[in-house]
Amino acid sequence: MNQNEFNSLIDSLVDSVKDYNLDDSFDHYNAIVEICGNCNYSFEYYRSWQLVNFVRFEHFNAEGGLGLFYEVEMEVKHNGHNTDDISLDDYMLTFAYNILKVATLKKYNEQESEVMA
């Protein structure tokens with residue numbers, strides 16, 4: 001995976017939100033959670049490892065702040081992810097899903113802010 005592939009993946013996930021009938025009972029957050037959960041990077045070991053590896057080394061620290069990988073680490077820790085009886089492959093699936101979710105939410109919110117401005 002490279003930066004262009006990553007950007008394209010996140011852009012396509014954000015575009016998928018438009019296919020949902022959003023309302024008070026099913027908002028953009030719910031749509032993004034569902035979309036990211038159905039993305040093959042969040043349930044195929046090989047792809048999840050590629051995604052996590054890329055983000056770990058390319059997005060660990062951002063200029064002037066914490067990077068996407070750090071945000072995802074905090075998200076996984078905050079959600080109380082139990083690692084007692086989980087394989088490393090399954091842990092990568094969790095990280096991959098959260099990478100997709102966090103990056104898609106950020107991009108969606110950025111686009112919505114631009115529309116509102």
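**Rings, a patch and a leucine: a short tour**

Hi everyone, let's start inside one helix: Y91 and F95 both sit in helix α5, which spans residues 88–116, and they are four residues apart, about one turn of the helix. Before I go on, please keep in mind that this is a predicted model.

So how do those two rings meet? The centres of Y91 and F95 are 5.2 Å apart and their planes make an angle of 55°, so the pair is tilted. Their surroundings can be told apart by accessibility. F95 is buried, at 6% relative accessible area, whereas Y91 is partly exposed, at 25%. The reasoning here rests on the cut-off for buried, which is under 20% relative accessible area. There is also a third ring to mention, since ring pairs link F69, Y91 and F95 into a cluster.

Let me step back to the overall layout. The protein chain has five helices and two strands. Starting at the N terminus, the elements come in the order α-α-α-β-β-α-α. The chain has 117 residues, and buried ones make up 32% of them. If you take contacts between residues at least 6 apart in sequence, 64% of them join residues at least 24 apart.

Back to the rings. How many aromatic pairs does the structure hold? There are four. One of them is F6 with F54, a tilted pair with 5.5 Å from centre to centre and 45° between the planes. Which parts of the chain does this pair tie together? F6 belongs to helix α1, residues 3–17, and F54 to helix α3, residues 45–58, so the pair connects parts that lie 48 residues apart in sequence. Are these two rings buried or exposed? F6 counts as buried, at 5% relative accessibility, and F54 counts as buried too, at 6%.

Aromatic rings here have charged company as well. R47 lies over the face of Y41, 5.3 Å from the ring centre. R56 lies over the face of F57, and there the distance to the ring centre is 5.6 Å.

Now for helix α1 again, this time with L13, which is found there. At 6% relative accessibility, L13 counts as buried. What does L13 touch, once we leave out residues up to four places away in sequence? The list is I35, C36, C39, L100 and T104. Take C39 from that list: L13 and C39 are 26 residues apart in sequence, while their C-alpha atoms are 8.5 Å apart in space.

Finally, let's go to the surface. The protein chain exposes about 7,300 Å², and carbon and sulfur atoms supply 47% of that. Which residues make the nonpolar surface patch of about 310 Å²? They are Y45, W49 and L88. W49 has its place in helix α3, and with a relative accessible area of 34% W49 is partly exposed.

To wrap up, here are three spots to find on the model in front of you. Look for the F6 and F54 pair, between helix α1 and helix α3. Then find the cluster of F69, Y91 and F95. And last, turn to the patch made by Y45, W49 and L88. Thanks for listening!

Key
Residues are numbered from 1 along each chain as its sequence is written. This is a predicted model: local features need pLDDT of at least 70, side-chain atom pairs count only at pLDDT 80 or more; totals for chains, interfaces and linings use all residues. Side-chain values use heavy atoms; hydrogens and water are left out. Rings of Phe, Tyr and Trp (its six-membered ring) pair if their centres lie within 6.5 Å; planes under 30 degrees apart count as stacked, over 60 as edge-to-face and the rest as tilted. Buried means under 20% relative accessible area, exposed over 50%, partly exposed in between (1.4 Å probe, protein chains only). A charge sits over a ring if NZ of Lys or CZ of Arg is within 6 Å of the ring centre and within 35 degrees of the ring normal. Contact means heavy atoms within 4.5 Å. Accessible areas come from the Shrake-Rupley method with a 1.4 Å probe; for residues, only the protein chains shown count as cover. Patches are made of residues with over 30% relative accessible area and no salt bridge: like charges are joined within 9 Å, nonpolar side chains (Val, Leu, Ile, Met, Phe, Trp, Tyr) within 5 Å. A salt bridge is a side-chain nitrogen of Lys or Arg within 4 Å of a carboxyl oxygen of Asp or Glu.
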